[in-house]
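Hi,

Here is the structure I said I would pass on. Have a look at it first, and my notes on the ligand site follow below.

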Amino acid sequence: MKKLLVTMLLVAATATSAHAGLKVIGRGDAMRLDPSSFPPTMKANYEIVRVKCVKCHTLERTIVAIQTGVAPISGQPFDRSATKAYGIKMLRKPDSNMNKAEVKASVDLMNYLLSESEK
Ligand code: HEC
């Protein structure tokens with residue numbers, strides 16, 4: 001019985017911390033996504049984002065933009081028509097250490113996540 005209760009509490013906790021279709025783990029600088037339900041291509045894209053998009057800021061910035069639909073620094077809209085421009089903006093930053101293919105993978109992932117978070 002106790003075991004069942006613990007399981008139920010865990011399920012409830014996970015359900016409330018997830019934003020609709022988006023499974024977010026941790027908060028602040030430790031914020032990241034749970035890619036377990038992503039299709040294989042998006043899992044691969046997430047591996048790129050997880051490594052490449054944390055050089056200058058944490059993943060929180062990207063996740064908050066997707067969750068809220070607003071880019072947190074500029075306050076500009078963050079939707080599927082804007083992701084490519086943000087990707088290119090990041091690519092062009094000094095020492096971004098990214099190539100076009102990696103930015104494309106990141107943009108594809110952000111578009112996928114935006115669709116998922118609308119569900
Ligand atoms: C070379 C450093 C660097 C890398 C690498 C980088 N960023 Fe950024 N990012 C910044 C800086 C600096 C800002 C501050 C606002 C600006 O200049 O747009 C920023 C801002 C942002 C914002 C908020 C934009 C706004 O207008 O509020 C998002 C979202 C974002 N980055 C996502 C990403 C993603 C996704 C990647 C990987 C594809 C990435 N960043 C890689 C430096 C970087």
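**Notes on the ligand site**

An N or O atom in the side chain of Lys 89 is 3.0 Å from an oxygen atom of the ligand. Bear in mind as you go through this that the model is predicted.

Two other polar contacts caught my eye. Ile 73 uses its backbone: an N or O atom there lies 2.7 Å from a ligand oxygen atom. His 57 brings in a polar side-chain atom, 2.8 Å from a nitrogen atom of the ligand.

His 57 also turns up at the metal. Together with Met 90, it coordinates the iron atom of the ligand, through NE2 of His 57 and SD of Met 90, at 1.9 to 2.3 Å. These two come from distant parts of the chain, 33 residues apart: His 57 is in the loop between α2 (40–52) and α3, while Met 90 belongs to helix α4. The iron site is octahedral, with six donor atoms and angles of 85 to 179 degrees among them.

As for the wider surroundings, the ligand sits in the largest pocket and has 22 residues around it, with Cys 53, Cys 56, His 57, Ser 74 and Met 90 the closest. Twelve residues of that shell are nonpolar, five are polar and five are charged. Helices α3 (59–68), α4 (83–91) and α5 (100–118) each contribute at least two residues to the shell.

Cheers

Technical notes:
Residues are numbered from 1 along each chain as its sequence is written. This is a predicted model: local features need pLDDT of at least 70, side-chain atom pairs count only at pLDDT 80 or more; totals for chains, interfaces and linings use all residues. Side-chain values use heavy atoms; hydrogens and water are left out. A residue is near a molecule or strand if one of its heavy atoms lies within 4 Å of it. A polar contact is a pair of N or O atoms within 3.5 Å; within protein, one must be able to donate a hydrogen and the other to accept it, and residues adjacent in sequence count only if both atoms are side-chain atoms. On a 1 Å grid over the protein atoms alone, a cavity is a set of points where a 1.4 Å probe fits but cannot get out, and a pocket is an open set with protein on both sides within 12 Å along at least five of seven lines; lining residues have an atom within 4 Å of a point. A molecule sits in a cavity or pocket if more than half of its atoms lie within 2 Å of its grid points. Helices (H or I, at least four residues) and strands (E, at least two) are DSSP runs, numbered from the N terminus. Ala, Val, Leu, Ile, Met, Phe, Trp, Tyr, Cys and Pro count as nonpolar, Asp, Glu, Lys and Arg as charged, and the others, Gly among them, as polar. Donors are N, O and S atoms within 2.8 Å of the metal (3.2 Å for Na, K and Ca); water is not among the atoms, so sites may look incomplete. Four donors count as tetrahedral if all angles lie between 85 and 135 degrees; four count as square planar and six as octahedral if opposite donors are over 155 degrees apart and all others between 65 and 115; anything else is irregular.
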